[in-house]
Amino acid sequence: MGKIMMNKPPLLFIAVVVLIVVLATRQYWQKKRQDAENDRSPVRSLQVEVIDKREVLAPNRRSRQREEIVAEEKRYEVYFQPLLNGIEVKKSNEIKIVLPQQEYNRIEQGAKGTLRLQGTRYISFAPNSVAK
């Protein structure tokens with residue numbers, strides 16, 4: 001009876017490792033497929049308004065002990081609302097883009113301008129010039 005109990009933890013461990021490998025492989029292929037789809041897509045320009053900006057603490061996968069981490073990693077999200085001839089389109093059409101910090105800092109909340117995308121890939125945001 002003792003022999004049966006000894007075999008269960010290794011089987012459980014193997015099942016967990018297999019599950020992790022399967023999920024990681026699936027994630028890799030989804031990203032590769034999305035990148036290929038973006039590469040095939042034409043670059044499109046949309047008139048948008050920046051409706052929100054968020055700095056979100058990224059989940060840290062390196063350490064559970066927060067005392068050792070000097071600076072938390074952040075993810076910089078910008079939410080764009082498409083405009084049709086200056087009229088806001090319904091809320092469900094908002095576009096969330098995760099950007100590098102430098103690009104995030106350059107974009108002002110409430111700004112209106114041209115968002116350029118290739119599929120789901122961010123290309124640029126150019127605010128409209130304000131006539132004085």
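Where is the place of Glu108? Glu108 sits in the loop between helix H2 (101–106) and strand E5 (112–118). Keep in mind that this is a predicted model. Glu108 counts as exposed because its relative accessible area is 59%, and the cut-off for exposed is over 50%. Although Glu108 and Asp52 are 56 residues apart in sequence, their C-alpha atoms are 9.1 Å apart in space.

**The overall layout**

Step back to the whole chain and you find two helices and six strands. Going along the sequence, they come in the pattern α-β-β-β-β-α-β-β. The chain has 132 residues, and 26% of them count as buried.

Val50 is one to look at in strand E1 (residues 43–57). Val50 has a relative accessible area of 1%, so it is buried. Val50 and Phe125 are 75 residues apart along the chain, with 9.8 Å between their C-alpha atoms.

**Helix H1: a patch and a pocket**

Helix H1 covers residues 2–40, and Phe13 lies in it. With a relative accessible area of 57%, Phe13 is exposed. Phe13 also belongs to a nonpolar surface patch of about 660 Å², which it makes together with Leu11, Ile14, Val17, Val18, Val21 and Val22.

What lines the largest pocket? The lining is made by Gln27, Gln30, Lys31, Gln34, Asp35, Asn38, Thr120 and Arg121. H1 gives the largest share of that lining, with six residues. By class, five of the lining residues are polar, three are charged and none are nonpolar. The space in this pocket comes to about 220 Å³.

**Salt bridges**

Side chains of opposite charge can pair when their charged atoms come close. This structure holds seven salt bridges, including the three below.

| Pair | Closest N to O distance |
|---|---|
| Asp52 and Arg54 | 2.8 Å |
| Lys74 and Glu55 | 3.0 Å |
| Lys96 and Glu77 | 3.5 Å |

Take Asp52 first, already mentioned for its distance to Glu108. Asp52 forms a salt bridge with Arg54, and Arg54 is partly exposed, at a relative accessible area of 40%.

Next comes the salt bridge between Lys74 and Glu55. This pair links distant parts of the chain, with Lys74 in strand E2 (residues 74–84) and Glu55 in strand E1, 19 residues apart. Lys74 counts as partly exposed at 41% relative accessibility, and Glu55 is partly exposed too, with a relative accessible area of 43%.

Then there is the salt bridge between Lys96 and Glu77. Lys96 lies in strand E4 (residues 95–99) and Glu77 in strand E2, so this pair ties together parts that are 19 residues apart in sequence. Is Glu77 buried or exposed? Glu77 is buried, because its relative accessible area is 3% and buried means under 20%. Its partner Lys96, at 46% relative accessibility, counts as partly exposed. Salt bridges that share partners also bring in Arg75, joining Arg75, Glu77 and Lys96 into one network.

Notes. Residues are numbered from 1 along each chain as its sequence is written. This is a predicted model: local features need pLDDT of at least 70, side-chain atom pairs count only at pLDDT 80 or more; totals for chains, interfaces and linings use all residues. Side-chain values use heavy atoms; hydrogens and water are left out. Patches are made of residues with over 30% relative accessible area and no salt bridge: like charges are joined within 9 Å, nonpolar side chains (Val, Leu, Ile, Met, Phe, Trp, Tyr) within 5 Å. Accessible areas come from the Shrake-Rupley method with a 1.4 Å probe; for residues, only the protein chains shown count as cover. A salt bridge is a side-chain nitrogen of Lys or Arg within 4 Å of a carboxyl oxygen of Asp or Glu. Helices (H or I, at least four residues) and strands (E, at least two) are DSSP runs, numbered from the N terminus. Buried means under 20% relative accessible area, exposed over 50%, partly exposed in between (1.4 Å probe, protein chains only). On a 1 Å grid over the protein atoms alone, a cavity is a set of points where a 1.4 Å probe fits but cannot get out, and a pocket is an open set with protein on both sides within 12 Å along at least five of seven lines; lining residues have an atom within 4 Å of a point. Grid points are joined across faces, edges and corners, and a volume is the space filled by probe spheres set on the points. Ala, Val, Leu, Ile, Met, Phe, Trp, Tyr, Cys and Pro count as nonpolar, Asp, Glu, Lys and Arg as charged, and the others, Gly among them, as polar.
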